[in-house]
Amino acid sequence: MAAKVATRPPAETLSLWKREQARLKAFVVDRDTEAWQRDPAFSGLQRVGGVDVSFVKGDSVGACASLVVLSYPELEVVYEDCRMVSLTAPYVSGFLAFREVSFMVDAVRRLREKEPHLVLFVDGNGVLHHRGFGVACHLGVLTDLPCIGVAKKLLQVDGLENSTLHKEKIRLLRAGGDSFPLMGGSGTVLGMALRSHDHSTKPLYVSVGHKMSLEAAVRLTHGCCRFRIPEPVRQVGG
DNA sequence: GCGACAG
DNA sequence: ATCTTGTCGC
């Protein structure tokens, strides 16, 4: 009989997970901590990484945890790590990290010749999250590396909605690099919608993961886009 | 009850 | 995440 991951965790588990998110959230740094982040050309940055856990078709447990490192600004793959893993938690919106982050942390640990200025792109959100602590924050705090959350779809949280007005703002993004802020209910900027290149209509949703300002995160994301999806995430996903 | 729901 | 069909542009 094939092993299966529970459909949805019991309420007690979700409660524990929320508590863990609240505890770790206190360690998030949402500003630039590295010298290269303030440089107009990101001089000093040499490595950008991407992490992802991709599924095996027809299997609810088996998955492949991957980490790639690319040179910057050339965006050529210089390191790849892929390992088969067994998932233990189901996907629940708002709790993606509890399904994937431990495998990402393991992959980062295996990267022994760790580049001094590595920054990680995470397929998912950072502070643009139900409780302000998405998977990109979670990975950042656990690894102490700068992390950027890049989501392909808007997570509608804290007053954000995929409304007519939102779609109109998307229409007004004309060139690659154009962006507009995503304001939460309290007037806080949670993230930015970014047109990642000239020939992409559908924006990316960029938010701070850890050790980086939103401005630097958006600018670097744009700098890593040859196509709609930033190269570190595109190369790690397949 | 209904819509929404990162990956 | 996955699947599926159609359509457009190069």
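A nonpolar core is a set of buried Ala, Val, Leu, Ile, Met, Phe, Trp, Tyr and Cys residues joined through side-chain atoms within 4.5 Å. In this predicted model, the largest such core has 28 residues. The protein also has residues around two DNA strands: 17 surround DNA strand B, and F55, K57, D123 and K152 surround DNA strand C.

**The largest nonpolar core**

- Within this core of 28 residues, V48, I148 and L220 have the most contacts.
- Two or more residues each come from the strands β2 (62-71), β4 (119-123), β5 (147-151), β7 (189-194) and β8 (204-210), and from the helices α5 (214-223) and α6 (231-237).
- The element that gives the most is α5, with five residues.

**A second core**

- Apart from the largest core lies another, made of 26 residues.
- A65, A97, V122 and V135 are among the residues of this other core.

**Surroundings of V48**

- Leaving aside neighbours within four places in sequence, V48 is in contact with V68, V69, L70, S71 and Y72, among others.
- The contacts of V48 also include L75, L118, V119, F121, C224 and P232.

**Helix α5**

- The buried residues of α5 are L214, A216, A217, V218, L220 and T221.
- These buried residues pack against five named strands: β4, β5, β6 (179-183), β7 and β8.
- L220, one of the buried residues of α5, is also one of the residues with the most contacts inside the largest core.

**DNA strand B**

- Of the residues that surround DNA strand B, the closest are Y91, G94, N125, K152 and Q156.
- By class, the protein surface near this strand has seven nonpolar, seven polar and three charged residues.
- Sugar or phosphate accounts for 53% of the atoms of DNA strand B within 4 Å of the protein, and bases account for the rest.
- On the phosphate side, a polar side-chain atom of Y91 lies 2.6 Å from a phosphate oxygen of DNA strand B.
- On the base side, a backbone N or O atom of N125 is 2.9 Å from a base nitrogen of DNA strand B.
- F95 also has a polar backbone atom 3.3 Å from a base nitrogen of DNA strand B.

**DNA strand C**

- The surface near DNA strand C has one nonpolar residue, no polar residues and three charged residues.
- An N or O atom in the side chain of K152 is 3.1 Å from a phosphate oxygen of DNA strand C.
- K152 is listed among the residues around DNA strand C, and K152 is also among the closest residues to DNA strand B.

How values were computed
Residues numbered from 1 in each chain as written. Chains lettered and ligands numbered in written order. Predicted model: local features only at pLDDT ≥ 70, side-chain atom pairs only at ≥ 80, totals over all residues. Heavy atoms only, no water. Near = heavy atom within 4 Å. Polar contact = N/O pair within 3.5 Å; in protein donor to acceptor, adjacent residues only side chain to side chain. Nonpolar A, V, L, I, M, F, W, Y, C, P; charged D, E, K, R; others polar. Buried < 20%, exposed > 50% of the residue type's maximum accessible area, 1.4 Å probe, protein only. Helix = DSSP H or I, 4+ residues; strand = E, 2+ residues; numbered from the N terminus. Contact = heavy atoms within 4.5 Å.
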